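This report covers a ligand site, the empty space in the protein and two backbone details. Please read it beside the structure.

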Amino acid sequence: MVADFHEITLPAAIKNGLIGPEIPLAGFIDTRGVAATIGDLHAAFPPHFEHMFAAKANTMKNALELVRECGMGCEVASPGELEQALRAGFEPSRVVFDEPAKTPAVLRKVLQLGAALNIDNFQEFDRVAGLVSEMQSASDIGFRINPQVGTGRIGAMSTATLSSKFGVALDDDGNREQIVECYVRNPWLTTLHTHVGSQGCSLELMATGVRKVTDLALQINAEAGNRQVRVIDIGGGLAVNFDSAEVKPTFADYARILRDEVPELFTGDFRVKTEFGRSVIAKNGFIASRVEYTKVSGGRHIAITHAGAQVATRTVFMPDAWKLRVSVHNPSGQARQGNMVVQDIAGPLCFAGDMVAKARELPLIEPGDHVVLHDTGGYYFSNPFLYNALPAPAVYGVDVAEDGNARFSQWRQVQSMDDMLAAIG
Ligand SMILES: *Cc1c(COP(=O)(O)O)cnc(C)c1O
């Protein structure tokens, strides 16, 4: 991530007409930043770790192509994400399929392709066993385990609670025994998967979940009498710091804790897969909106912008959990300084809660200024919201050269009126 990526990109985008009075909203991804972040990821873990990008964080084809070129595989959670990953050029063997509600047709397709398959529950296992008995498949196959280690800071993001909807609950009565027996009877089960949660889970909580699943792998292999479980997929979930530009925790921080808590992953005895999404791309992107109007209501300064729930859905509906850094820029894109005033930043939608920031002390905003929503490279462009029939904005990949020259490539056009209305039905 270039620390001043937005300071270079926003003025250049305005100058190039990518954002202006008739195109008031756009998104930008720092392509060199993504490559550098993936470089940090590779450096933090030994070479036998295989890193899969969680496609739901940013499902754009160019984003997937970029992470593939940087050496990542891809984790997908629906037939649409699977198709996009294949179109982005991933070899099926470099894809992990994790959908919670897989239909029979999807299971067959995944097995035919040879993508890795994480089974969510015992009913799904029966379906997969039926398919495996009648076809050849190169897929790595195994169960998703819920290690039931508890809740992180955000309940809706915590996947390893006692009663989570994901995976087989390891400590529920009889489940451990049933899992072990399943593996011993079915030598084609060669993997174990867990994903403790996304954002708000501590490194210790995640490492505890990985420890429990690694213990399960060791137990299965002991009872099977061979190294049947060869792959441990530890999921993603490294939290992103939305409070400042600093990257913390880092991949190296997580690797250090895992090395202490689960040294078996670092010996090369297991193939290890990871599935990071947010920590790869969130800090490498931003959303910029022109300010249409400003007003004072009940003594509160309010800036009315074009960035609301249609691009920042989680932030608008869960403002405490998904608070974003906001900065204010003048009409040509330079950061405004001083004249600090408490202000609300409103979106364009017709409901009162459509606010991307409330009561923030920021330089006084004027019409024609721009606001930047930072750290929105992940889970913002992939979270559209159809209410009020607003088009999805254009998104650009931006290559900022050493000399500060920004080259833009369009990853997504502004949704046309026809496409937008067709999506609404
Ligand atoms: C969402 C998800 C991920 C990615 O989580 P991040 O917090 O973006 O790293 C990985 N694996 C699974 C199974 C997921 O559901």
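Helices (H or I, at least four residues) and strands (E, at least two) are DSSP runs, numbered from the N terminus. This is a predicted model, in which local features need pLDDT of at least 70, side-chain atom pairs count only at pLDDT 80 or more, and totals for chains, interfaces and linings use all residues. Residues are numbered from 1 along each chain as its sequence is written, and side-chain values use heavy atoms, with hydrogens and water left out.

**Backbone**

Asn-339 sits in the loop between β13 (326-329) and β14 (340-346). Its phi is positive, about 50 degrees, although Asn-339 is not a glycine. The loop between β9 and α9 (251-261) holds Pro-249. The peptide bond from Lys-248 to Pro-249 is cis, with omega near -5 degrees. Most residues other than glycine have a negative phi, and most peptide bonds are trans.

**Ligand**

The ligand is surrounded by 15 residues (a heavy atom within 4 Å). Lys-56, Gly-237, Glu-275, Arg-278 and Tyr-379 are the closest. By class, the shell has three nonpolar, six polar and six charged residues. Here Ala, Val, Leu, Ile, Met, Phe, Trp, Tyr, Cys and Pro count as nonpolar, Asp, Glu, Lys and Arg as charged, and the others, Gly among them, as polar.

The table gives polar contacts of the ligand (pairs of N or O atoms within 3.5 Å).

| Ligand atom | Protein partner | Distance |
|---|---|---|
| oxygen | Gly-237, polar backbone atom | 2.8 Å |
| nitrogen | Glu-275, side-chain N or O atom | 2.6 Å |
| oxygen | Arg-278, polar backbone atom | 2.8 Å |

Taken alone, the ligand exposes 380 Å², and the protein buries 95% of that (Shrake-Rupley method, 1.4 Å probe).

**Pocket and cavity**

Both searches use a 1 Å grid over the protein atoms alone. A cavity is a set of points where a 1.4 Å probe fits but cannot get out; a pocket is an open set with protein on both sides within 12 Å along at least five of seven lines; lining residues have an atom within 4 Å of a point. Grid points are joined across faces, edges and corners, and a volume is the space filled by probe spheres set on the points.

The largest pocket has a volume of about 470 Å³. Its lining counts 27 residues, and Lys-56, Thr-159, Phe-166, His-195 and Ser-198 are the closest to its centre. The ligand takes up this largest pocket (more than half of its atoms lie within 2 Å of the grid points).

One cavity of 30 Å³ or more turns up in the whole structure. The largest cavity holds about 40 Å³ of space. β5 (116-119), β8 (189-193) and β9 (231-233) each supply at least two residues of its lining.

Key
A polar contact is a pair of N or O atoms within 3.5 Å; within protein, one must be able to donate a hydrogen and the other to accept it, and residues adjacent in sequence count only if both atoms are side-chain atoms.
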